Amino acid sequence: LWSIDPQTTMRRGIQCLFAIMGAIGIATTLDADEFMDVLGLTCAISAVASILLLGISPGKALMGNSHDFIGIFSHKNVLGQAMAAGTLASLHGIRVGRRRPLNAVMLILFTAMGLAANSATSFMTIFAFCGLDGFITLFRKGGAARIMAIGAMVFLLPLVAVAVLFPDSLLEMIGKDPSL
């Protein structure tokens, strides 16, 4: 009743309800590894579709005057979010040993798409996922690898603390406005 266009509001609400119900159905049907495989493959298909769209209709795959790559998505940041989720899924697939070569190729694809989107937030997220996965892998191996991981943590922890305490400097380095 309070909406400017009640029919559109109801239609979108029903679409959202069915999307959530479908996601719950998928999540309860699949185990964790299968869910991550589906997520990774879905993100990979969207990445390939975005590349195809760029080849077929570059005007629709680029965002306005800035010419940032958006692919099949509505905004470069949405593309970046999808690629970050795909990165997480492919790292999981590599870690558990399911289709490692395919997951490695998808990881490269997601990283390249994150760079092409020119979305600093998504690229930093992809970088953090890959860095943490490398750290966890080294730490789990034990022995000299664990000592290397602890040394890296001792070295990187102060840098992370500075970035958290003084985010303006980090944001300016990546070309973002700290006042936002």
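**Exercise 1. Classify Asp 68 by burial and find which residue it forms a salt bridge with.**

Solution. Step 1: Asp 68 has a relative accessible area of 12%. Step 2: buried means under 20% relative accessible area, exposed over 50%, and partly exposed in between, with a 1.4 Å probe and protein chains only. Asp 68 is therefore buried. Step 3: the partner is Lys 76, and the closest N and O atoms are 3.7 Å apart. This meets the rule for a salt bridge, a side-chain nitrogen of Lys or Arg within 4 Å of a carboxyl oxygen of Asp or Glu. Step 4: Lys 76 has 11% relative accessibility and counts as buried.

Conventions for all exercises: the model is predicted, so local features need pLDDT of at least 70 and side-chain atom pairs count only at pLDDT 80 or more, while totals for chains, interfaces and linings use all residues. Residues are numbered from 1 along each chain as its sequence is written, and side-chain values use heavy atoms, with hydrogens and water left out.

**Exercise 2. State how many salt bridges the rule gives, and locate the pairs of Asp 37 and Arg 95.**

Solution. Step 1: the count is three salt bridges. Step 2: Asp 37 pairs with Arg 99 at 3.8 Å, N to O. Asp 37 sits in helix H2 and Arg 99 in the loop between H4 and H5, so this pair links distant parts of the chain, 62 residues apart. Helices (H or I, at least four residues) and strands (E, at least two) are DSSP runs, numbered from the N terminus. Step 3: Asp 37, at 9% relative accessibility, is buried, whereas Arg 99, at 43%, is partly exposed. Step 4: the closest N and O atoms of Arg 95 and Asp 133 are 3.1 Å apart. Arg 95 belongs to helix H4 and Asp 133 to helix H6, so this salt bridge ties together parts 38 residues apart in sequence. Step 5: Arg 95 is partly exposed at 38%, and Asp 133 is buried at 12%. As background, side chains of opposite charge can pair when their charged atoms come close.

**Exercise 3. Describe the largest nonpolar core and the contacts of Leu 79.**

Solution. Step 1: a nonpolar core is a set of buried Ala, Val, Leu, Ile, Met, Phe, Trp, Tyr and Cys residues joined through side-chain atoms within 4.5 Å. Step 2: the largest one has 15 residues, and those with the most contacts inside it are Phe 69, Leu 79, Met 83, Phe 110 and Met 113. Step 3: two or more residues come from each of helix H2 (32-56), H4 and helix H5 (100-117). Step 4: contact means heavy atoms within 4.5 Å. Beyond neighbours within four places in sequence, Leu 79 touches Ser 50, Phe 69, Ile 70, Phe 73, Met 113 and Ala 117.

**Exercise 4. Place Ser 90 and list what it touches.**

Solution. Step 1: Ser 90 is in helix H4 (residues 76-96). Step 2: its relative accessible area is 0%, so Ser 90 is buried. Step 3: not counting residues up to four places away in sequence, Ser 90 touches Asn 103, Met 106, Leu 107 and Phe 110.

**Exercise 5. Decide how many disulfides there are, and check Cys 16 and Cys 130.**

Solution. Step 1: a disulfide is a pair of cysteine sulfur atoms within 2.5 Å. Step 2: the count is zero. Step 3: for Cys 16, the nearest cysteine sulfur is that of Cys 43, 19 Å away. For Cys 130, the nearest is again that of Cys 43, 14 Å away. Step 4: Cys 16 is partly exposed at 42% relative accessibility, and Cys 130 is partly exposed at 28%.

**Exercise 6. Find the sign of phi at Asn 118 and its setting.**

Solution. Step 1: the phi of Asn 118 is positive, about 60°, although Asn 118 is not a glycine. Step 2: for comparison, most residues other than glycine have a negative phi. Step 3: Asn 118 lies in the loop between H5 and helix H6 (120-141). Step 4: its relative accessible area of 46% makes Asn 118 partly exposed.

**Exercise 7. Summarise the chain as a whole.**

Solution. Step 1: the protein chain has eight helices and two strands, in the order α-α-α-β-β-α-α-α-α-α from the N terminus. Step 2: buried residues make up 25% of its 180 residues. Step 3: the C-alpha trace spans about 60 × 45 × 40 Å along its principal axes.
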